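The exercises below are to be worked through with the sequence and the three-dimensional view side by side. Each task is followed by a solution that goes step by step.

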Amino acid sequence: MGLIDIVDYYGNMFSPFEVTSPEIIKDIQHTFGDVPLHHFGKTAEILIFFIGTMTIVEIVDLKKRFDLIKGFIGTNSKRKLLWISRILAFI
């Protein structure tokens, strides 16, 4: 056992300083390069989507358009509110 040992997906333990096999080098590149980059990319994608969505919501709120929608709905019936929200979501 070396100072730093790595266990791959298949349970094989190896030291990165003694690697000569191209298959193991490819596994190391996949494990420490591609996988974190993939997860970081997905996280960044979600955050950018939320930033854009919240920008649109803030603009609509700033221009008082939510009050217009609430005035348009003007009902206390849950069934009617459900149908109006379905039609508005479709549009």
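Helices are DSSP runs of H or I with at least four residues, strands are runs of E with at least two, and both are numbered from the N terminus. With that convention in hand, lysine 64 can be placed in the loop between H1 and H2. The model is a predicted one.

**Exercise 1. Describe the overall make-up of the chain: which secondary structure elements does it hold, and in what pattern along the sequence?**

Solution. Begin with the elements, which come to three helices and two strands. Reading along the sequence then gives the pattern β-β-α-α-α. Next, turn to burial: of the 91 residues of the chain, 10% count as buried. The accessible surface comes to about 8,400 Å², and 67% of that surface belongs to carbon and sulfur atoms. Finally, take the contacts between residues at least 6 apart in sequence, among which 6% join residues at least 24 apart.

**Exercise 2. Locate aspartate 8 and decide whether it is buried or exposed.**

Solution. Aspartate 8 lies in the loop between strand E1 (6-7) and strand E2 (13-14). Its relative accessible area is 14%, and it is therefore classed as buried, since the cut-off for that class is under 20%. As a last step, compare sequence with space: aspartate 8 and aspartate 27 are 19 residues apart in sequence, while their C-alpha atoms are 7.3 Å apart.

**Exercise 3. Find which side chains meet in a salt bridge, and state where they lie.**

Solution. The count comes to one salt bridge, in which the side chains of lysine 42 and glutamate 45 meet at 4.0 Å, N to O. Both residues belong to helix H1, where they are three residues apart, or about one turn of the helix. Lysine 42 has a relative accessible area of 41%, so it is partly exposed.

**Exercise 4. Identify the aromatic pair and work out how accessible each partner is.**

Solution. The structure holds one aromatic pair. This pair is formed by phenylalanine 49 and phenylalanine 50, and it is tilted, with 5.8 Å centre to centre and 55° between the planes. Taking the partners in turn, phenylalanine 49 counts as exposed because its relative accessibility is 55%, whereas phenylalanine 50, at 48%, counts as partly exposed.

**Exercise 5. Examine the loops on either side of helix H2, starting from lysine 64 and going on to threonine 75.**

Solution. Lysine 64, in the loop between H1 and H2, has a positive phi of about 60° although it is not a glycine. With a relative accessible area of 55%, lysine 64 is exposed. Threonine 75 lies in the loop between H2 and H3, and a polar atom of its side chain is 3.2 Å from the backbone nitrogen of serine 77. Once residues up to four places away in sequence are set aside, threonine 75 touches Lys80, Leu81 and Ile84.

**Exercise 6. Which residues form the nonpolar patch on the surface, and which helices supply them?**

Solution. The patch consists of Met54, Val57, Phe66, Ile69, Phe72, Ile87, Leu88, Phe90 and Ile91, with about 980 Å² of accessible area together. Helix H1 (22-62), helix H2 (65-73) and helix H3 (78-90) each supply at least two of the patch residues. To check one member, take phenylalanine 72, whose place is in helix H2: its relative accessibility is 61%, and so it counts as exposed.

Terms used: Residues numbered from 1 in each chain as written. Predicted model: local features only at pLDDT ≥ 70, side-chain atom pairs only at ≥ 80, totals over all residues. Heavy atoms only, no water. Patch = residues over 30% accessible without salt bridge, like charges linked within 9 Å, V, L, I, M, F, W, Y side chains within 5 Å. Areas by Shrake-Rupley, 256 points an atom, 1.4 Å probe, with all protein chains shown as cover. Buried < 20%, exposed > 50% of the residue type's maximum accessible area, 1.4 Å probe, protein only. Polar contact = N/O pair within 3.5 Å; in protein donor to acceptor, adjacent residues only side chain to side chain. Contact = heavy atoms within 4.5 Å. Phe/Tyr/Trp six-rings, centres within 6.5 Å; stacked < 30°, edge-to-face > 60°.
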